[in-house]
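Trainee: I'd like a close look at one part of this model, please. Could you pick a helix contact and walk me through it, with enough of the surroundings to place it?

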Amino acid sequence: MGDNTGDDLVGSERDVLLYYLNKMRDAVVRTSEGLTDEQQRTPGVPSGTNLLGLIQHLTGVEEHWFQRVLLDEDRGTEDSMDVPVDATRDEVVAAYREACARSDEIVRACPDLSTMAKIVNPGEDQKGSLRRIVAHMIEETARHAGHADILREQIDGATGL
């Protein structure tokens, strides 16, 4: 993730969108660095939200929007925050990084950000453009990065990661 940090942010709309999406992806991963397995899995709020669960959830969200909705690839995506007991942080982060790299490949391979999704996102009325999907992913990832910041501060007081 974050492979375009040296790009001129006025180069293209695609570069700007991917730059900010990758910035938020990296922020989410950073919040779980240097913690024990127990700390990463401990819910910080009554809903059960935890750092490792946020990363797993975002993996499923990446796959859902870019592979399932945009490309109509028949895949069962999982966006649960319930991380299996035997899954390690390294495995969860690796799966997230792989999903993000695939998403970036898809975005870069589309000829135009106005490319329309192949299917309608369940619960919505119409197909969305790639531009809308990337903007939504920035919003979704940034929202969860904020959650992760708060969870990390509750764990050990760390801020500004």
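Mentor: Here is a walk through the contact of helix 1 with helix 4, with the overall fold before it and a few other spots after it.

Keep in mind that this is a predicted model. The protein has five helices and zero strands, so the pattern along the sequence reads simply α-α-α-α-α. The radius of gyration is 16 Å, close to the 15 Å that the globule rule gives for 161 residues, so the protein is as compact as a globular protein of that length. Along the principal axes, the C-alpha atoms fill a box of roughly 45 × 35 × 25 Å. Of the 161 residues, 45% count as buried. If you take the contacts with a separation of 6 or more, 70% of them come from residues 24 or more positions apart.

Now to the part you asked for. Helix 1 covers residues 13-30 and helix 4 covers residues 89-109. What is the angle at which helix 1 and helix 4 pack? It is about 175°, and the axes are 12 Å apart. Angles over 145 degrees count as roughly antiparallel, so helix 1 is roughly antiparallel to helix 4.

Which residues meet there? From helix 1 you have R14, D15, L18, N22, R25, D26 and V29. Facing them from helix 4 are R89, V93, Y96, R97, C100, S103, D104, V107 and R108. Sort the residues of this contact by type and you get six nonpolar, two polar and eight charged.

R25 deserves a second glance. It sits in helix 1 and is one of the residues that meet helix 4. Is R25 buried or exposed? R25 is buried, because its relative accessible area is 0% and the cut-off for buried is under 20%. For a sense of spacing, R25 and V92 are 67 residues apart in sequence, yet their C-alpha atoms are 13 Å apart in space.

There's also some ring chemistry to check. A search of the whole structure turns up one aromatic pair. The partners are Y19 and Y20, with ring centres 4.9 Å apart and planes at 90°, so the pair is edge-to-face. The two tyrosines fall into separate accessibility classes: Y19 counts as buried at 17% relative accessibility, while Y20 counts as partly exposed at 37%.

Just ahead of this helix, G11 lies in the segment before helix 1. With 56% relative accessibility, G11 counts as exposed. G11 and S114 are 103 residues apart in sequence and 18 Å apart in space, C-alpha to C-alpha.

For a comparison, look at helix 3 (residues 51-70) and helix 5 (residues 130-156). This pair also packs at an angle of about 175°, with axes 10 Å apart, which makes helix 3 roughly antiparallel to helix 5. The make-up of that contact is 15 nonpolar, five polar and three charged residues. Set that beside the six nonpolar, two polar and eight charged of the contact of helix 1 with helix 4.

One last stop is the loop between helix 3 and helix 4, where you'll find D72. D72 has a positive phi of about 60° although it is not a glycine. At 37% relative accessibility, D72 counts as partly exposed.

Note on methods
Residues are numbered from 1 along each chain as its sequence is written. This is a predicted model: local features need pLDDT of at least 70, side-chain atom pairs count only at pLDDT 80 or more; totals for chains, interfaces and linings use all residues. Side-chain values use heavy atoms; hydrogens and water are left out. Rings of Phe, Tyr and Trp (its six-membered ring) pair if their centres lie within 6.5 Å; planes under 30 degrees apart count as stacked, over 60 as edge-to-face and the rest as tilted. Buried means under 20% relative accessible area, exposed over 50%, partly exposed in between (1.4 Å probe, protein chains only). Axes are lines fitted to C-alpha atoms, for helices over the stretch in contact, and angles run from 0 to 180 degrees between N-to-C directions. Helices (H or I, at least four residues) and strands (E, at least two) are DSSP runs, numbered from the N terminus. Angles under 35 degrees count as roughly parallel, over 145 as roughly antiparallel, 65 to 115 as roughly perpendicular and the rest as oblique. Contact means heavy atoms within 4.5 Å. Ala, Val, Leu, Ile, Met, Phe, Trp, Tyr, Cys and Pro count as nonpolar, Asp, Glu, Lys and Arg as charged, and the others, Gly among them, as polar. The radius of gyration is taken over C-alpha atoms; the globule rule is 2.2 Å times the number of residues to the power 0.38.
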